[in-house]
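Dear colleague,

I am passing on the structure we spoke about, with the sequence alongside. Please have both open while you read the notes that follow.

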Amino acid sequence: MSQDIFGLTGKHAIVWGGGFGMGERTSFRLSEAGAHVAVVDLEQARAEKIAGEINAAGGKAIALQADATSEPSVEAALAAAEAALGPVDVMATVIGLGVWDQVVEMSLDTFNKSILLNLTSFFLPARAVGRSLLKNKKSGAIACVSSVSGLTSAPNHAGYGAAKAGMINLVRTMADEWGPYGIRVNAAMPGSAATPRLTLNEAGQAAMNAAMKAKIPLGRAATPDELAKAILFLLSDLASYVTGHNLHVDGGWTSNFLMQGQGKGGPSQASVVNWPE
Ligand SMILES: NC(=O)c1ccc[n+]([C@@H]2O[C@H](COP(=O)([O-])OP(=O)(O)OC[C@H]3O[C@@H](n4cnc5c(N)ncnc54)[C@H](O)[C@@H]3O)[C@@H](O)[C@H]2O)c1
């Protein structure tokens, strides 16, 4: 017996940054759950590739080029998506980039860029979709991708961390303001994710794997699809009573202070035979 547990069949979804990495997987997951998807990306070719693959697999998708940090571009993309698919029900933003520098060396331009790429790129699409849902008197759901950098501190993370912390708080404010209208707003929070953007050589990958094993209780980075599944959950009826939440999808990284590079967890060595290395 099959059941539409996600409640997304025939719903209209828009995914900003939906042409690559976690966003690509999010576009596919929403389509598999029955949604019609507007795949929006700064790079037209990426959006077209993913929308094409969804349509070829029997789903329904359109491709749109837009810059999520530009107000007119966001407004135009949402208008085009709604003209093609109908009023939007759910949206995800899966955009962000680290720009690293010590505070004393960080230029204003670098700081502003971090805020623009990571926080404004969520604010503008979410505000546009929130306005549309309110105007059309529709309930709906919005999700974004935060980061452990928004919860914890680390050298060189000033701009990225401040933007992601801002995102976590903006989610709560939107959830407060729009909750009475049945609009839910949440974030999915990765720790480390093996997205295709991060290309490492063999030695770099080995060092990364060792670092992840030491820091993360589950012992590895997330796959892009593991974030997409969390976003799907947050946008679906399965999360019908979840709003204003920052869902940790970090393999346990932030759950245990003692795991922060200070040693390996698990049962004491004395109590375990053949504990995996
Ligand atoms: N990879 C990690 O370890 C990690 C950890 C924590 C958080 N995150 C967060 O996960 C999210 C996704 O990461 P990813 O590695 O999959 O990203 P990515 O850079 O691989 O993909 C993002 C997509 O967004 C598009 N894009 C970029 N700027 C845009 C803009 N202004 N307007 C429209 N589209 C734009 C890109 O073209 C790309 O297709 C980001 O918010 C990132 O901060 C990643």
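I begin with strand S4 (residues 90–93), where Val-90 and Ala-92 point one way while Met-91 and Thr-93 point the other way, and all of them are buried. Please keep in mind throughout that this is a predicted model.

Strand S4 has a partner in strand S1 (residues 12–16), with which it pairs in the parallel sense over four bridges, and within that pairing Ile-14 has Met-91 as its bridge partner in S4. Four bridges also join S4 to S5, and these two strands run parallel as well; here the bridge partner of Thr-93 is Cys-144 in S5.

These pairings belong to an open sheet of seven strands, which follow one another in the order S3-S2-S1-S4-S5-S6-S7 with parallel pairing. The edges of the sheet are formed by strand S3 (61–65) and strand S7 (246–249), each of which pairs on one side only. From one strand to the next, the twist averages 20°. Towards the S3 edge, strand S2 (residues 36–41) is joined to S3 by five bridges, the two strands running parallel, and Val-37 stands opposite Ala-61 in S3. Helix H5 packs on the sheet, where it touches S5, strand S6 (183–190) and S7, and its direction makes about 165° with that of S6.

If you wish to look at one position in S5 more carefully, I would suggest Ala-143, which is found in that strand. Is Ala-143 buried or exposed? It has 28 other C-beta atoms within 10 Å, and because 20 or more are enough for a residue to count as buried, Ala-143 is buried. Leaving aside residues up to four places away in sequence, Ala-143 touches Ala-92, Asn-186, Ala-187, Ala-188, Ile-231, Leu-234 and Leu-235. Of these, Leu-235 is 92 residues away from Ala-143 along the chain, yet the C-alpha atoms of the two are separated by 6.7 Å.

A second position to look at is Leu-116, which is found in helix H4. Leu-116 has 19 C-beta neighbours inside 10 Å and so counts as partly exposed, since a residue is buried only if 20 or more other C-beta atoms lie within that distance. Leu-116 and Gly-96 are 20 residues apart in sequence, and their C-alpha atoms are 9.2 Å apart in space.

Gly-96 also leads to the ligand, which 27 residues surround, the closest being Gly-17, Phe-20, Gly-21, Gly-96 and Thr-195. Helix H1 (residues 21–32) gives the most to this shell, with three residues. By character, the residues of the shell divide into 12 nonpolar, 10 polar and five charged.

Two loop residues deserve a careful look at their backbone angles. Lys-137, in the loop between helix H4 (108–135) and strand S5 (140–145), has a phi near 50°, which is a positive value in a residue other than glycine. Lys-137 is exposed, with 9 other C-beta atoms within 10 Å. Asn-156, in the loop between S5 and helix H5 (158–178), is likewise not a glycine and has a positive phi of about 75°. With 16 other C-beta atoms within 10 Å, Asn-156 is partly exposed.

Finally, some words on the chain as a whole. It holds seven helices and seven strands, and from the N terminus on its elements run β-α-β-α-β-α-β-α-β-α-β-α-α-β. The C-alpha atoms fill a box of roughly 60 × 55 × 40 Å, taken along the principal axes. The radius of gyration of the chain is 19 Å, which agrees with the value near 19 Å that a compact globule of 277 residues would have. Of the 277 residues, 44% count as buried, and among contacts between residues at least 6 apart in sequence, 72% join residues at least 24 apart.

With best wishes

Methods
Residues are numbered from 1 along each chain as its sequence is written. This is a predicted model: local features need pLDDT of at least 70, side-chain atom pairs count only at pLDDT 80 or more; totals for chains, interfaces and linings use all residues. A residue is near a molecule or strand if its C-beta atom, placed from the backbone, lies within 6 Å of it. Ala, Val, Leu, Ile, Met, Phe, Trp, Tyr, Cys and Pro count as nonpolar, Asp, Glu, Lys and Arg as charged, and the others, Gly among them, as polar. A residue is buried if 20 or more other C-beta atoms lie within 10 Å of its own, exposed if 12 or fewer, and partly exposed in between; C-beta atoms are placed from the backbone. Two strands pair if DSSP finds at least two bridges between them. Axes are lines fitted to C-alpha atoms, for helices over the stretch in contact, and angles run from 0 to 180 degrees between N-to-C directions. Two residues are in contact if their C-beta atoms, placed from the backbone, lie within 7 Å. The radius of gyration is taken over C-alpha atoms; the globule rule is 2.2 Å times the number of residues to the power 0.38.
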